[in-house]
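Biologist: I am new to this structure and would like a close look at a single part of it. Could you take me through how the nonpolar residues and the helices beside them are arranged?

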Amino acid sequence: MTGRIEKAFAKAKAEGRGAFVAYLTAGYPSMDAFEAAADDLVAGGADILEIGVPFSDPFADGAVIRQAAYAALRNGTDLDSSIAAAARIRARHPETGIVLFSYCNPLFSKGYGKLAGEAQAAGIDAVLAVDLPLEERGELLDALRPRGIGLVPLVAPNTPLDRVEQIAAGLENTFIYAITVKGVTGERAGLPADLAERLDAIRSRVALPVAAGFGISTMEQARAVCGHADGFIVGSALVRRLGETGSLKGPPLS
Amino acid sequence: MKTHYGKFGGMYVAETLAAPLAELAAAYDEASRDPGFRAEFDSLLRDYVGRESPLTVANRLSGSLGGARIVLKREDLNHTGAHKVNNTIGQALLARRMGRRRLIAETGAGMHGVATATAAALFGMECEVYMGAEDVRRQAPNVERMKMLGAKVHPVEEGSATLKDAMNEALRDWVADCDNTFYVIGTVAGPAPYPEIVRDFQSVIGREARRQCIEKFGRLPDCAVACVGGGSNAIGLFAGFMDDPQVKLVGVEAGGEGLATGRHAASINGGRPGILHGARTMLLQTPEGNVIDTYSVSAGLDYPGVGPEHCHLAETGRAEYTVIDDCEAVAAFDALCRYEGIIPALESSHAVAEAVKRAPSMPRDSIILVNLSGRGDKDMDNVLAWKKGHSK
């Protein structure tokens, strides 16, 4: 059976565009506003939603997503309520890919086996753990695989290409999250000059679709990236707008 | 190089840090096999830090308790006033070898920040230190010392505004500038290979103490006691006695206002396995897996995780981990001042308090070795404020 994530990339490719992967922090600015924004993003063309689980110590995130996480924690959002929200979103959007995006500790704290069962029941397609590199991912993979849930791996600008191959090896129902810049999440005025070359090199080594993220906030940046990737990921720009205006109605990107 | 300690440790980092950590491990591996590197490190410890540090028998304190003799390993007499400098000199040498000119560090009590700023000045490097805003307030004299030494201090306002938040911010800095920056981690926590590197640089404490004990007393101590926040001074001490099963190893965690109150920083005694700052560790966390704000009168122990090797030593039973609360630590602080003329750091006072507890029930010919990891000048204001708040 082909998974929703594979289908999402295939559909975008067939339509001659890159897949649009949209990140939101669960429960921000409120659980209702988050879910409404997720609906708006699907209506606005998002192929895959990344649902961010707020964590007390978001050390890989820039200011926008950090503040969203702290606010979501204050209003009581946790891993359980994030998974419950994912299940409701799944019920409304049967085709959209859903990725549960988290730091390791909440997942580990729940127990990877229990997590995998709950994620499957919620209709989550894949899990991304920010601080879980190749060396440490075995246990989580072992729990997710029998449930047919993918693991989204990160590839950084300084990841050697041989390691990129090792990272992609054996994964299914997923895509490669190619980080465009060294640093934390957040909007940036410009992307690195060698990004196109780097994305081409990554794609030459892996069969999985490659989506580029970190620092992408405009349609112009997204289009430029999609000449060299199968999809693009937008997070901070959406979270910031949602925080400022309370909704994501209308076109997702300017 | 060792990356896991039983089921603890590892390298739980964002992928961008995987390459810099691999580079660090390779550089350290190579340096540790280079006699020139070792020789330069040893000569700096001797001529700059002032090692070896003496062993002082706490005669009057021991006499007042009856029972075991309490012996102090005087890391407080090192240049900069704590054991931290052993590690920062080592890491700065490593940074120079790797061609990095910019050092960053996280600091809690400020002793590691001061020691990093000191090493940066010594080697002519840039230095930026992240420090929780709460700790900036609690440890003002150390903030001034860092600035005096040419370092830039960034107060971190997020979260609990203490050590863990400083470490988050240091990691964010490093991930953005890992080609030019060397992250000097101050304790045996964090992703591999840091716990092993810091352990190696601090193990001079235990090596010296073991030899000094044999020279002075003709025997090994019955027990070796050290405070544990992240746990670098404790690992440094324990390293010297790991293969001496007759020496009991005792780590002392910060009990704050008491384990039962939840206001403490005792990760091994009060936490459960988790993942933070790159390692699987015993972690103070909510049922949902968020990190709990810790509390201790001593800023240097105020951390929700602990070095992975300590977690493993606790699990295997090779070391025992106890809890000393604020009251007991401050009482031991007073006792050491009055009986021995030594003003200890509040962190080290936790280890002294554990020795004070144990000594009376041990025979007179037994020896408790305490790592006096730092001096207490930085804690004057805190102790006075604490006493004021707790006077009845």
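Modeller: What follows is a walk through the nonpolar cores and then one pair of packed helices, in a model that is predicted. The largest nonpolar core has 193 residues, and those with the most contacts inside it are L24(A), F175(A) and Y177(A). Helix α8 of chain B, residues 163-176, gives the most to this core, contributing 7 residues, and the core also draws at least three residues from each of domain 1 (17-45 + 84-198) and domain 2 (52-81 + 203-390) of chain B. Taking L24(A) as an example, and not counting residues up to four places away in sequence, its contacts include F34(A), L41(A), I51(A), L238(A) and L248(A), and E50(A) is also one of them.

Apart from this core lies another, of 28 residues, which includes V225(B), V252(B), A332(B) and A353(B). Two of those names return where helix α14 of chain B meets helix α15 of chain B, since A332(B) is among the residues on the α14(B) side and A353(B) among those on the α15(B) side. Helix α14 (residues 326-340) and helix α15 (residues 346-358) of chain B pack at an angle of about 90°, with their axes 7 Å apart; because angles from 65 to 115 degrees count as roughly perpendicular, α14(B) and α15(B) are therefore roughly perpendicular to each other. Also meeting there are F333(B) and L336(B) from α14(B) and L346(B) and V352(B) from α15(B), among others, and the residues of this contact divide into 8 nonpolar, 2 polar and 2 charged.

Methods
Residues are numbered from 1 along each chain as its sequence is written. Chains are lettered from A and ligands numbered from 1 in the order in which they are written. This is a predicted model: local features need pLDDT of at least 70, side-chain atom pairs count only at pLDDT 80 or more; totals for chains, interfaces and linings use all residues. Side-chain values use heavy atoms; hydrogens and water are left out. A nonpolar core is a set of buried Ala, Val, Leu, Ile, Met, Phe, Trp, Tyr and Cys residues joined through side-chain atoms within 4.5 Å. Buried means under 20% relative accessible area, exposed over 50%, partly exposed in between (1.4 Å probe, protein chains only). Helices (H or I, at least four residues) and strands (E, at least two) are DSSP runs, numbered from the N terminus. Domain bounds come from an automatic or database domain assignment. Contact means heavy atoms within 4.5 Å. Axes are lines fitted to C-alpha atoms, for helices over the stretch in contact, and angles run from 0 to 180 degrees between N-to-C directions. Angles under 35 degrees count as roughly parallel, over 145 as roughly antiparallel, 65 to 115 as roughly perpendicular and the rest as oblique. Ala, Val, Leu, Ile, Met, Phe, Trp, Tyr, Cys and Pro count as nonpolar, Asp, Glu, Lys and Arg as charged, and the others, Gly among them, as polar.
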